Amino acid sequence: MAPLVLVGALAAAACGRGDHSSSGDFKIAIVTRNFTNPYWAALRDGAMAEAAKLGVKVTVQAGQSETDADGENAQISTMAAQGFGCFGVVPVNGTNVITPLTAVARKNIPILDLDTQIDPAASKAAGVSYASFIGSDNIEAGKTAGGKLLEALGGTGKVAVLQGIAGEQNGINRDKGFAEAVAGKLDIVQEAPADYEQDKGLQVTEAILKAHPDITGIFSANDTMGLGAAQAIKNAGRTGQIKVISVDGIQAALDAVKAGTLYGTVTQYPYAEGQLAVQGCLAQHQGKKLPDRVVSPIAFIGKDNVDQQISAFPRPIVTFDNPLEGLLNK
């Protein structure tokens with residue numbers, strides 16, 4: 001399949017399709033971590049926009065924070081009894097959603113694993129399977145950030161890493177990719193979790209700057225922590241002296257790249273993930289077999305292309321193969 005611009009591909013898929021009314025009472029449920037983080041809000045918005053285009057019903061719910069596994073599980077348990085025909089779920093960690101999803105699996109309702117890998121072995125033991133995984137390549141995102149930080153620092157220097165939630169696979173993969181990219185070149189002097197939260201990112205960075213005043217770079221596993229790091233650096237009067245690269249591509253991070261407080265962000269287009277989730281559920285409902293994995297796009301956004309991405313936000317400025325577009329009835 002030739003590369004397609006996601007927005008164009010989805011728009012084309014929406015045109016001329018006359019069988020949506022046959023979906024009847026088909027409803028899609030999507031459950032994510034929280035809407036306070038703009039990343040998950042963008043995933044919600046992409047799902048809702050695509051649902052409107054394709055003429056299907058989508059409900060998106062979430063917990064109250066990045067670590068609110070109980071709240072997320074409660075949403076799934078409630079929605080499992082409300083007649084939804086497909087679930088798309090972003091877990092807090094590798095196992096938290098498995099127990100509430102057993103009720104969904106027992107009804108043979110298709111489940112899409114979104115954005116963050118749910119533990120395959122634990123899922124199998126519980127009798128839960130997934131029609132597809134839809135998300136970006138987090139190891140590649142970390143590698144991209146590492147390569148760009150190497151460039152920014154001239155190939156040498158001491159750096160720190162802001163990690164996400166302990167045990168959360170996306171953060172682990174981003175850190176792994178980053179470490180692989182800079183191995184033997186940059187000296188990672190400290191790694192510390194900040195739970196994907198901006199205030200914690202600020203506090204942890206303040207402590208890092210005191211312990212390692214000679215660092216010249218920071219990799220943050222998400223934008224909100226990266227924005228906290230940038231604020232700590234600004235408070236210390238060191239903006240421009242310490243380069244910060246983060247992951248996600250939220251609006252505030254793009255604004256910070258434009259302002260020069262963030263060196264760059266590896267955007268993962270959660271809006272596109274939301275669109276793909278709706279497409280995947282609809283294709284499944286139409287009797288199609290989904291690919292085991294659908295990889296959504298990533299791109300590094302720095303000063304050279306930030307204006308382009310701000311203009312296109314939240315849609316991608318890169319092309320990628322969308323295997324779901326060809327599955328949908330037209």
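The following exchange covers the cores, cavities, pockets, disulfide and backbone features of a predicted model.

Visitor: Which conventions apply to the model, and what pLDDT do local features need?
Guide: Residues are numbered from 1 along each chain as its sequence is written, and side-chain values use heavy atoms, with hydrogens and water left out. In this predicted model, totals for chains, interfaces and linings use all residues, side-chain atom pairs count only at pLDDT 80 or more, and local features need pLDDT of at least 70.

Visitor: Which helix gives the largest share of the largest nonpolar core?
Guide: A nonpolar core is a set of buried Ala, Val, Leu, Ile, Met, Phe, Trp, Tyr and Cys residues joined through side-chain atoms within 4.5 Å; buried means under 20% relative accessible area, exposed over 50% and partly exposed in between, with a 1.4 Å probe and protein chains only. The largest such core has 58 residues, and Ile28, Ile30, Val56, Val58, Ile218, Leu262 and Val278 have the most contacts inside it. Helices (H or I, at least four residues) and strands (E, at least two) are DSSP runs numbered from the N terminus. The largest share of this core, 7 residues, comes from residues 270–285, helix α11.

Visitor: Which residues does Val278 touch?
Guide: A contact is a pair of heavy atoms within 4.5 Å. Not counting residues up to four places away in sequence, Val278 touches Ile28, Ile30, Ala47, Glu50, Ala51, Leu54, Val56 and Val58.

Visitor: How many residues are in the other core, which lies apart from the largest one?
Guide: Val97, Ala105, Ile111 and Ile118 are among the members of this other core. Its size is 17 residues.

Visitor: Where in the sequence do the two cysteines of the disulfide lie, and how far apart are those parts?
Guide: A disulfide is a pair of cysteine sulfur atoms within 2.5 Å, and the structure holds 1. Cys86 and Cys281 form it, with their sulfur atoms 2.0 Å apart. Cys86 is in strand β4 (residues 86–89) and Cys281 in helix α11, so the pair ties together parts whose separation in sequence is 195 residues.

Visitor: What is the handedness of the disulfide of Cys86 and Cys281?
Guide: Cys86 is buried at a relative accessible area of 1%, and Cys281 is buried at 1% relative accessibility. The torsion about the S-S bond is about -70°, so the disulfide is left-handed.

Visitor: How much space lies in the largest cavity?
Guide: On a 1 Å grid over the protein atoms alone, a cavity is a set of points where a 1.4 Å probe fits but cannot get out, a pocket is an open set with protein on both sides within 12 Å along at least five of seven lines, and lining residues have an atom within 4 Å of a point. Grid points are joined across faces, edges and corners, and a volume is the space filled by probe spheres set on the points. The structure holds 2 cavities of 30 Å³ or more. The space in the largest is about 80 Å³.

Visitor: How many charged residues are in the lining of the largest cavity?
Guide: Its lining includes Arg33, Glu66, Asp115, Glu168, Arg174 and Asp248, and α2 (38–54) and α7 (169–182) each supply at least two lining residues. Ala, Val, Leu, Ile, Met, Phe, Trp, Tyr, Cys and Pro count as nonpolar, Asp, Glu, Lys and Arg as charged, and the others, Gly among them, as polar. By class the lining has 3 nonpolar and 3 polar residues, and the charged ones number 6.

Visitor: What is phi of Asp115?
Guide: Asp115 is in the loop between β5 (111–114) and α5 (120–126) and is buried, at 2% relative accessible area. Its phi is positive in a residue other than glycine, near 70°.

Visitor: Which residues are joined by a cis peptide bond?
Guide: Pro314 lies in the loop between α12 (306–312) and β14 (319–320), and Phe313 and Pro314 both line the second largest cavity, which has a volume of about 40 Å³. With omega about 5°, the cis bond joins Phe313 and Pro314.

Visitor: Which residues lie closest to the centre of the largest pocket?
Guide: The largest pocket has a volume of about 290 Å³. Of its 18 lining residues, the closest to the centre are Leu262, Tyr263, Phe300, Gly302 and Lys303.
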